[in-house]
Amino acid sequence: LLCCCAAPGPGRLLAAPRCPRRPAAPGPKLLPKSRPCAPPGPPPSAPRPPAANHSGAPKPGAKRLPQALIVGVKKGGTRAVLEFIRVHPDVRALGTEPHFFDRNYGRGLDWYRSLMPRTLESQITLEKTPSYFVTQEAPRRIFNMSRDTKLIVVVRDPVTRAISDYTQTLSKKPDLPAFEGLSFRNRSLGQVDASWNAIRIGLYALHLQGWLRYFPLAQIHFVSGERLITDPAGEMGRVQDFLGIRRLITDQHFYFNKTKGFPCLKKPASSLLPRCLGKSKGRTHVQIDPDVIEQLRDFYRPHNIKFYEAVGRDFRWE
Ligand SMILES: Nc1ncnc2c1ncn2[C@@H]1O[C@H](COP(=O)(O)OS(=O)(=O)O)[C@@H](OP(=O)(O)O)[C@H]1O
């Protein structure tokens, strides 16, 4: 037995047996729970047997389909949640976005599984692809993989989210028209262009309806993108509860990096890896006309209220 009994410090934690899975504890449910309505597809085939490593010894664990997914939202803080949760010894995550349930579905579940990290039976396999949340076919496809899949959605004030999204696109396409122009069909009449993706993604209540046709609300966990920045340990505590794993990621794992302006993971002594997210996370946003921001707030208000009622949590996006 190589393991020691010391309390785990920050950084990658010591592997330990997982506590029994608890059902998630969502807030009050203001929408009826809708039970899955589509018949499940063929059961996913068995995990791959261990492969051999360089020395010929079998690698531990097997590649398995994910039991949990971070399905959205784009620019919500999904990378932060993934990087924070993968510190947990009971979680193994794919570092890249496989886009299986939107762009790559035709490649099949065996292809999807082959991308996954190897896990022990006690570990949860996780991946994140933020575009799933707004992909119409994604809930049905995920349900067909497994009706037990746990879903995590990181949500953020839709106005800030849209500006963040636009700022990212502008960094790749500098000749993009102004945000103010793209946001409206008719600005003087206050008609917002909800067909523009940057606006449409923020209609959370609308997208959620598609998920509730297949998954009960208790199987979907919402992370506040704002609180993830001000209280990462608190939000990650709830994520761990939802996943049914021990609360090992605590405030001891984070520090506020003044240069970055965001919380970062504390480095374990043995690691040289930077533990803040990369430059594309936490960009300075493009300045937007305050009147436009006000118009967008008015536009989103009723949608936000619907969303708060649906999930039983007020995210206070005002
Ligand atoms: N700890 C920490 N460090 C850096 N950034 C953080 C962190 N927590 C949340 N965020 C916010 O995450 C926003 C990017 O969201 P995503 O990772 O979901 O973006 S993406 O959809 O994968 O492109 C990113 O958005 P922008 O600030 O607009 O760049 C951040 O505000």
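A residue counts as near the ligand here if its C-beta atom, placed from the backbone, lies within 6 Å of it. With that in hand, welcome to this predicted model: 17 residues surround the ligand, and Thr78, Arg79, Ala80, Ser164 and Phe262 come nearest. Below are the ligand shell, two residues from the UniProt binding-site list, the nonpolar core and a buried glutamate.

**Around the ligand**
- Two or more residues of the shell come from each of H1, helix H8 (225-230) and strand E11 (262-265).
- H1 is the top contributor, giving three residues to the shell.
- Sorted by class, the shell holds seven nonpolar, five polar and five charged residues.

**What UniProt lists**
- An unreviewed UniProt entry gives a "binding site" made up of Lys75, Gly76, Gly77, Thr78, Arg79, Arg156, Ser164, Lys281, Gly282, Arg283, Thr284 and His285.
- Lys75 from that list sits in the loop between strand E2 (68-72) and helix H1 (78-85).
- Lys75 is buried because 25 other C-beta atoms lie within 10 Å, and the cut-off for buried is 20 or more.
- Leaving out residues up to four places away in sequence, Lys75 touches Arg156, Arg161, Ser164, Asp165 and Gln168.
- Arg156, also on the list, lies in the loop between strand E6 (150-155) and helix H4 (158-172).
- Arg156 is buried too, with 25 other C-beta atoms within 10 Å.
- The contacts of Arg156, again without residues up to four places away in sequence, are Lys75, Gly76, Gly77, Arg161, Gly225 and Glu226.

**Helix H1 and the nonpolar core**
- H1 is mostly covered, with six of its eight residues buried.
- Those buried residues are Thr78, Ala80, Val81, Leu82, Phe84 and Ile85.
- The largest nonpolar core has 63 residues, of which Val71, Val81, Ile85, Ile152, Val153 and Val154 touch the most other members.
- Ile152 has contacts that include Leu69, Val71, Val81, His221 and Val239, not counting residues up to four places away in sequence.

**A buried glutamate in strand E5**
- Glu127 belongs to strand E5 (residues 124-128).
- Glu127 counts as buried because it has 26 C-beta neighbours inside 10 Å.
- Pro66, Leu69, Ala93, Leu94 and Pro98 are the residues that Glu127 touches, not counting those up to four places away in sequence.
- From C-alpha to C-alpha, Glu127 and Pro89 are 15 Å apart in space, and they are 38 residues apart in sequence.

Conventions: Residues are numbered from 1 along each chain as its sequence is written. This is a predicted model: local features need pLDDT of at least 70, side-chain atom pairs count only at pLDDT 80 or more; totals for chains, interfaces and linings use all residues. UniProt positions are given in the numbering used here, feature names are shortened, and annotations may be inferred rather than shown by experiment. Helices (H or I, at least four residues) and strands (E, at least two) are DSSP runs, numbered from the N terminus. A residue is buried if 20 or more other C-beta atoms lie within 10 Å of its own, exposed if 12 or fewer, and partly exposed in between; C-beta atoms are placed from the backbone. Two residues are in contact if their C-beta atoms, placed from the backbone, lie within 7 Å. A nonpolar core is a set of buried Ala, Val, Leu, Ile, Met, Phe, Trp, Tyr and Cys residues joined through C-beta atoms within 7 Å. Ala, Val, Leu, Ile, Met, Phe, Trp, Tyr, Cys and Pro count as nonpolar, Asp, Glu, Lys and Arg as charged, and the others, Gly among them, as polar.
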